[in-house]
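Visitor: I am new to this structure, and I would like to understand the words used to describe it. Could you walk me through it?

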Protein chains: 2
Amino acid sequence: MPQPSPGRRALDADPAVIGARVRSLREERGISLSALARLAGVGKATLSGLENGTRNPTLETLYAVTAQLGVPLTAVLAEPATTPTVHGAAVHATLLEVFTDADATYELYRMRVAPGAGQLSPAHQPGVTEHVTVFAGVLRAGPADAPSTAAAGGYLRFTSDVPHSYAAVGDEEVDASLLLRYPRR
Amino acid sequence: MPQPSPGRRALDADPAVIGARVRSLREERGISLSALARLAGVGKATLSGLENGTRNPTLETLYAVTAQLGVPLTAVLAEPATTPTVHGAAVHATLLEVFTDADATYELYRMRVAPGAGQLSPAHQPGVTEHVTVFAGVLRAGPADAPSTAAAGGYLRFTSDVPHSYAAVGDEEVDASLLLRYPRR
DNA sequence: CCCCCGCGTTCCGTTTACGGAACGATCGCG
DNA sequence: CGCGATCGTTCCGTAAACGGAACGCGGGGG
């Protein structure tokens, strides 16, 4: 993918917000701070500080608490159910799955390319290839100096160890799947 | 293929596993431990211990690192969601995403084909095409009377409105992504 | 009224995660 | 060959997260 865009990720790791969520979850269950601390096997001071956002908890602590609340860690780490996404000027991609084997790592993305000016991505490491299958719209993509075109149902493959571009042809947004292959070095 | 059923999200707070995920993400990006530590503003000792699972990181530390990797905290804390799966004699597929537009419906699957005897699938509706990108192993697939072969990184496309087959070539299991395109009728 | 109990916070000594520095290993170059 | 640069790990003093104990507070009994 185009490397992680510098744009701020709205993911909040703010201890105060996390603390507020924990407190809220605890109060929903009508359980006291002391009791939860006892159940989770952490000190009351620890839990108090955590809920008030005055501490910077370790994973171990946070996990012990959320486990007793019966919720996954992700429930208090904000951002309910957001999958990793990458934004660019024209390209918007969400990571669907990562697969690693002996030879390479694959990242499978759902990609959308907005109409209008396209987007240029910097080179990746040597040997990285991109595989795109177009769902809708017409996509022009590939090495910056020699892009190819594919319409709905079409497929493109190119090596992305050189700068490469994505652009929607025409007015329609492009929907596609993007597979990135990183060979193991 | 079967109806999507709700996926569950398993959670794993084991520092060793989290560390392994962080290391894997870093290596995917071809960046050194030292460099990542510098970017994230944490000590090399901290990152080393984190990746090796010998420390119990604070949220602050983990967030600083994952932010630089361009992934949300949840990417290293949760197992990939389990989604609807389809089992066959040799083929095992999990649905990753469905996309519908004016012309067609797409279903994106993660597919595994066990070595040994292959599997024959009956014909789909007219005009249905399948698009396969191989991650690992060697796959032989296509119309039952004229299958093609693809190795890791390779791509196959065929129309599946006739009976078609999948088989792993050799002893190795095949890992691949499968895209099904159903034209609107 | 005065206890007594449990609440959440604060204090405090201990444990440990932290960053910086030092280390040996590995590579590319003259 | 040595030299410099960079790699990941280890050592170490410091800062801070930890659990336990003490604290002030409020709400029921006896």
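Visitor: Which elements each supply at least two residues of the surface near DNA strand C?

Guide: Happy to start there, and please keep in mind that this is a predicted model. The elements are helix H1 (15-28), helix H2 (33-40) and H3 of chain A, together with H3 of chain B. H3(A) gives the largest share, 4 residues.

Visitor: What makes a residue count as near DNA strand C?

Guide: One of its heavy atoms has to lie within 4 Å of the strand. There are 19 residues around DNA strand C, and A:Ser32, A:Leu33, A:Ser48, B:Thr46 and B:Thr61 come nearest. Looking from the DNA side, sugar and phosphate account for 65% of the atoms of DNA strand C that come within 4 Å of the protein.

Visitor: Why is the pair formed by A:Leu33 and a phosphate oxygen of DNA strand C called a polar contact?

Guide: The cut-off for a pair of N or O atoms is 3.5 Å. A polar backbone atom of A:Leu33 is 2.6 Å from a phosphate oxygen of DNA strand C, so the pair qualifies as a polar contact. A:Asn52 passes as well: an N or O atom in its side chain is 3.4 Å from a phosphate oxygen of DNA strand C. With A:Lys44 the partner is a base oxygen of DNA strand C, 3.2 Å from a polar side-chain atom.

Visitor: How do you know what kinds of residues make up the surface near DNA strand C?

Guide: Sorting them by class gives 5 nonpolar, 10 polar and 4 charged residues.

Visitor: And which residues are closest to DNA strand D?

Guide: They are A:Gly43, A:Thr46, A:Thr61, B:Leu33 and B:Ser48, out of 19 residues that surround DNA strand D. Of the strand's atoms within 4 Å of the protein, 66% belong to sugar or phosphate and the rest to bases.

Visitor: What makes A:Thr61 a polar contact partner of DNA strand D?

Guide: A polar side-chain atom of A:Thr61 lies 2.4 Å from a phosphate oxygen of DNA strand D, and therefore falls within the 3.5 Å limit. B:Ser32 also reaches a phosphate oxygen of DNA strand D with a polar side-chain atom, at 2.9 Å. B:Ser34 uses a polar backbone atom instead, 3.1 Å from a phosphate oxygen of DNA strand D. As for elements, helix H3 (44-52) of chain A and helices H1 (15-28), H2 (33-40) and H3 (44-52) of chain B give two or more residues to the surface near DNA strand D. H3(B) has the largest share, 4 residues.

Visitor: Why are H1(B) and H3(B) called roughly perpendicular?

Guide: Their packing angle is about 115°, with the axes 6 Å apart. Angles of 65 to 115 degrees count as roughly perpendicular, so H1(B) and H3(B) earn that name. Among the residues that meet are B:Pro15 and B:Val22 in H1(B), and B:Leu47 and B:Leu50 in H3(B). The residues of this contact divide into 5 nonpolar, 2 polar and 3 charged.

Visitor: How do you know that H2(A) and H4(A) are roughly perpendicular to each other?

Guide: The axes of H2(A) and helix H4 (residues 59-69) of chain A cross at roughly 110° and come within 9 Å. That angle belongs to the 65 to 115 range, so H2(A) and H4(A) are roughly perpendicular. A:Leu36, A:Leu39 and A:Ala40 in H2(A) meet A:Ala64, A:Val65, A:Gln68 and A:Leu69 in H4(A). By class, this contact has 6 nonpolar residues, 1 polar and no charged.

Notes:
Residues are numbered from 1 along each chain as its sequence is written. Chains are lettered from A and ligands numbered from 1 in the order in which they are written. This is a predicted model: local features need pLDDT of at least 70, side-chain atom pairs count only at pLDDT 80 or more; totals for chains, interfaces and linings use all residues. Side-chain values use heavy atoms; hydrogens and water are left out. A polar contact is a pair of N or O atoms within 3.5 Å; within protein, one must be able to donate a hydrogen and the other to accept it, and residues adjacent in sequence count only if both atoms are side-chain atoms. Ala, Val, Leu, Ile, Met, Phe, Trp, Tyr, Cys and Pro count as nonpolar, Asp, Glu, Lys and Arg as charged, and the others, Gly among them, as polar. Axes are lines fitted to C-alpha atoms, for helices over the stretch in contact, and angles run from 0 to 180 degrees between N-to-C directions. Angles under 35 degrees count as roughly parallel, over 145 as roughly antiparallel, 65 to 115 as roughly perpendicular and the rest as oblique. Contact means heavy atoms within 4.5 Å.
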